[in-house]
Amino acid sequence: MTDVVYLNVDGEQVKARPGMRLLDVLREQGVDIPTLCDHEGLVPWGSCRLCMVEVTERGRNRLVASCLYPAERASDVYTESPRVRAARRFVLTLLLARNADVQLVQELAGRYGVSRLERLPAKQEKCTLCLRCVRACAVQGHSAIGTAFRGQEKKVGPPFDEPPADCVGCAACAAVCPTGAIEVIEKGDTRTIWGRTFELVRCKKCGAGFATCEQLVWVRKELGQEIEDKLCPCCRQRDEAQRMVKG
Ligand code: SF4
Ligand code: SF4
Ligand code: FES
């Protein structure tokens, strides 16, 4: 197998490591590809279809989701061709109908000259169904949230819309949500998310609430790791750095 693949991106020759995701190759070149479902640290999903680009490989031309497509052989890549722009405009038209008030969707729609179609009923959903939250929960070994229903009714949340027993209140789902659709309320020593309220553990040094009791219990059980001296990640790093300096 060769250790380099030559691509022609919008007329410019570009080198890539074989197997690298096309999206990453393009980003390394400074090409601005719109994405919604992609997030570093999460399994690529390919659901939003915003990252579509046009690829001609071995004489075959097609649209591909660049977040899933591996650069494996010489090909021509078009990142803003009329076909690519039309595909993104179509996706954005649907998003704009569902997520009329979401700033990110409005910005992308503006970039591609898409305005709301009167014949599509406007919805003010905050959730774009990118499923970053579900993957963030799963990657940590929980399955507190998922999808329910299909088509227009499809939504993300805990089973039966009830406070999820499997949730540890880590708020990782909210942290990766691109639209702020997941509400996290922190009040005093508690955090409420998905209808459950968790007690926060405060850092012994700086006093910041850095984890929930359930989260620490889970870390202990699953990873066999104790959270040393109940320090938040910042104070722990600072302590470790100081220990290293002292030798
Ligand atoms: S807060 Fe609950 S639902 Fe969200 S990622 Fe953590 S465990 Fe999953
Ligand atoms: S809640 Fe946020 S992260 Fe989850 S699917 Fe909706 S937009 Fe995506
Ligand atoms: S970023 Fe590729 S399909 Fe969503």
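Which residue follows α4, and what is the sign of its phi? The residue is Gly141, and its phi is positive, near 95°. Keep in mind that this is a predicted model. With that said, here's a walk through the chain, starting from the whole and ending back at α4.

**The overall picture**

The chain holds seven helices and eleven strands. Measured out along its principal axes, the C-alpha trace spans about 60 × 55 × 25 Å. Of the 247 residues, 26% count as buried. As for long-range contacts, take the pairs that sit at least 6 apart in sequence: 51% of those contacts join residues at least 24 apart.

The chain splits into two parts, domain 1 (1-128) and domain 2 (132-246). Their C-alpha centres lie 30 Å apart. Where the two meet, eleven residues of domain 1 are in contact with eleven residues of domain 2. On the domain 1 side, the touching residues break down into eight nonpolar, two polar and one charged.

**Two sheets**

One open sheet has five strands, in the order β2-β1-β5-β3-β4, and its pairing is mixed. At its edges stand β2 (12-16) and β4 (60-65), each with a single partner strand, so one side of each has no neighbour in the sheet. On average, and ignoring direction, neighbouring strands here are turned by 30° against each other. Inside this sheet, β1 (residues 5-9) and β5 (residues 75-78) run parallel and are joined by three bridges. Val9 sits opposite Val77 of β5. Helix α2 (residues 82-98) lies across β3 (52-57), β4 and β5, and runs at about 145° to β3.

The other open sheet has four strands, β8-β9-β10-β11 in that order, with antiparallel pairing. Its edge strands, β8 (184-187) and β11 (209-212), each pair on one side only. Neighbouring strands in this one are turned by 35° against each other on average, again with direction ignored. Four bridges link β9 (residues 190-193) to β10 (residues 196-202) in the antiparallel sense, and Thr192 stands opposite Thr197 in β10.

**Around the ligands**

Cysteines turn up among the closest residues at both ligands, as the table shows.

| Ligand | Residues around the ligand | Closest residues |
|---|---|---|
| Ligand 1 | 14 residues | Cys137, Ala144, Cys167, Cys170 and Cys173 |
| Ligand 2 | 14 residues | Cys127, Cys130, Cys133, Cys177 and Ala181 |

By class, the shell around ligand 1 has twelve nonpolar residues, two polar and no charged ones. The shell around ligand 2 comes out at eleven nonpolar, two polar and one charged. For ligand 1, two helices are worth a look: α4 (132-139) and α5 (172-176) each supply at least two residues of its shell.

**Back to α4**

Is α4 mostly enclosed or mostly open? Six of its eight residues are buried, so the helix is largely enclosed by the rest of the structure. Those buried residues are Arg132, Cys133, Val134, Arg135, Ala136 and Cys137. They pack against β6 (146-148), β7 (155-157) and α5. Two of these buried cysteines also show up at the ligands: Cys137 is one of the closest residues to ligand 1, and Cys133 is among those nearest ligand 2.

Conventions
Residues are numbered from 1 along each chain as its sequence is written. Chains are lettered from A and ligands numbered from 1 in the order in which they are written. This is a predicted model: local features need pLDDT of at least 70, side-chain atom pairs count only at pLDDT 80 or more; totals for chains, interfaces and linings use all residues. A residue is near a molecule or strand if its C-beta atom, placed from the backbone, lies within 6 Å of it. Ala, Val, Leu, Ile, Met, Phe, Trp, Tyr, Cys and Pro count as nonpolar, Asp, Glu, Lys and Arg as charged, and the others, Gly among them, as polar. Domain bounds come from an automatic or database domain assignment. Two residues are in contact if their C-beta atoms, placed from the backbone, lie within 7 Å. A residue is buried if 20 or more other C-beta atoms lie within 10 Å of its own, exposed if 12 or fewer, and partly exposed in between; C-beta atoms are placed from the backbone. Two strands pair if DSSP finds at least two bridges between them. Axes are lines fitted to C-alpha atoms, for helices over the stretch in contact, and angles run from 0 to 180 degrees between N-to-C directions.
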